[in-house]
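Hello,

Here is the structure for your set. Please look it over first; my notes follow below.

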Amino acid sequence: MRSLILLLFLACATPLWAAETVPVKITSDTMTYTQKGDQVIFTGSVYVIRQDIQLWSDTLTVLLEKKDGAKNATQGVPDEQGAIKKIIAKGNVRIKADKGRTGTCGKATYEADKDLLTMEDSPMLMEGANKIQGEVIKLYIKENRSEVLGGKGRVEAIFNTPAGKEGLGQ
């Protein structure tokens, strides 16, 4: 199941947030840029597509890092933004990748410095008929590992195996 999670989100998260030069198209009802907060907020039926990856959410917030040495507006020169610091998708978050890989949750947060994708609010990952869910799902992309936390509830995983194969001890 670990490979299911990693395949799904390495296929989903890395292309969405990686610094490759591949077009990413974001559509929404509105977009707001706030220089003071160094953030861009997309609201209303947000849709993101990059190659074979799609993401839907109610809002998508991109927090930016300032470039070293950038002056702020009070010093007479506008701020210059650098890399993406954090991306937060909220509300009816859905991710779809190739080969029937999907994920849903209420909130997904990608932290660039940690290369960590955290899914919260009823997160669920699916590949075909296989499914895993818990209170929080953490995907450590650089480390090639994942963690599913049960919290108040328990972690639940459903794996479908071929019928007619002998199991352990048979």
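I start with a loop residue. D113 touches K85 and K142, leaving aside residues up to four places away in sequence; contact means heavy atoms within 4.5 Å. D113 sits in the loop between β6 and β7. Helices (H or I, at least four residues) and strands (E, at least two) are DSSP runs, numbered from the N terminus. D113 counts as exposed because its relative accessibility is 60%. The cut-offs: buried is under 20% relative accessible area, exposed is over 50%, and partly exposed is in between (1.4 Å probe, protein chains only). The C-alpha atoms of D113 and K86 are 8.3 Å apart, with the two positions 27 residues apart along the chain counted as separation.

A word on provenance. This is a predicted model, in which local features need pLDDT of at least 70 and side-chain atom pairs count only at pLDDT 80 or more, while totals for chains, interfaces and linings use all residues. Residues are numbered from 1 along each chain as its sequence is written, and side-chain values use heavy atoms, with hydrogens and water left out.

Overall picture. The protein has one helix and twelve strands. The helix comes before the strands, counting from the N terminus. Of its 170 residues, 34% count as buried. Among contacts between residues at least 6 apart in sequence, 42% join residues at least 24 apart. The exposed area is about 10100 Å², and carbon and sulfur atoms supply 50% of it. Areas come from the Shrake-Rupley method with a 1.4 Å probe; for residues, only the protein chains shown count as cover.

Next, the core. The largest nonpolar core has 22 residues, and F42, L55, L60 and V62 touch the most other members. Such a core is a set of buried Ala, Val, Leu, Ile, Met, Phe, Trp, Tyr and Cys residues joined through side-chain atoms within 4.5 Å. Elements giving two or more residues to this core include β3 (39–50), β4 (53–66) and β5 (81–96). V62 touches, among others, V40, F42, I84 and I87, again leaving aside residues up to four places away in sequence.

Which strand holds S57? S57 is in β4. S57 counts as buried because its relative accessible area is 4%. The side chain of S57 has a polar atom 2.9 Å from the backbone oxygen of T59. A polar contact is a pair of N or O atoms within 3.5 Å; within protein, one must be able to donate a hydrogen and the other to accept it, and residues adjacent in sequence count only if both atoms are side-chain atoms.

Last, the rings. There is one aromatic pair. Y47 and W56 form it, tilted, at 5.4 Å centre to centre and 40° between the planes. Rings of Phe, Tyr and Trp (its six-membered ring) pair if their centres lie within 6.5 Å; planes under 30 degrees apart are stacked, over 60 edge-to-face, the rest tilted. R94 lies over the face of W56, 3.9 Å from the ring centre. R145 does likewise over Y140, at 3.9 Å. The test is NZ of Lys or CZ of Arg within 6 Å of the ring centre and within 35 degrees of the ring normal.

Best regards
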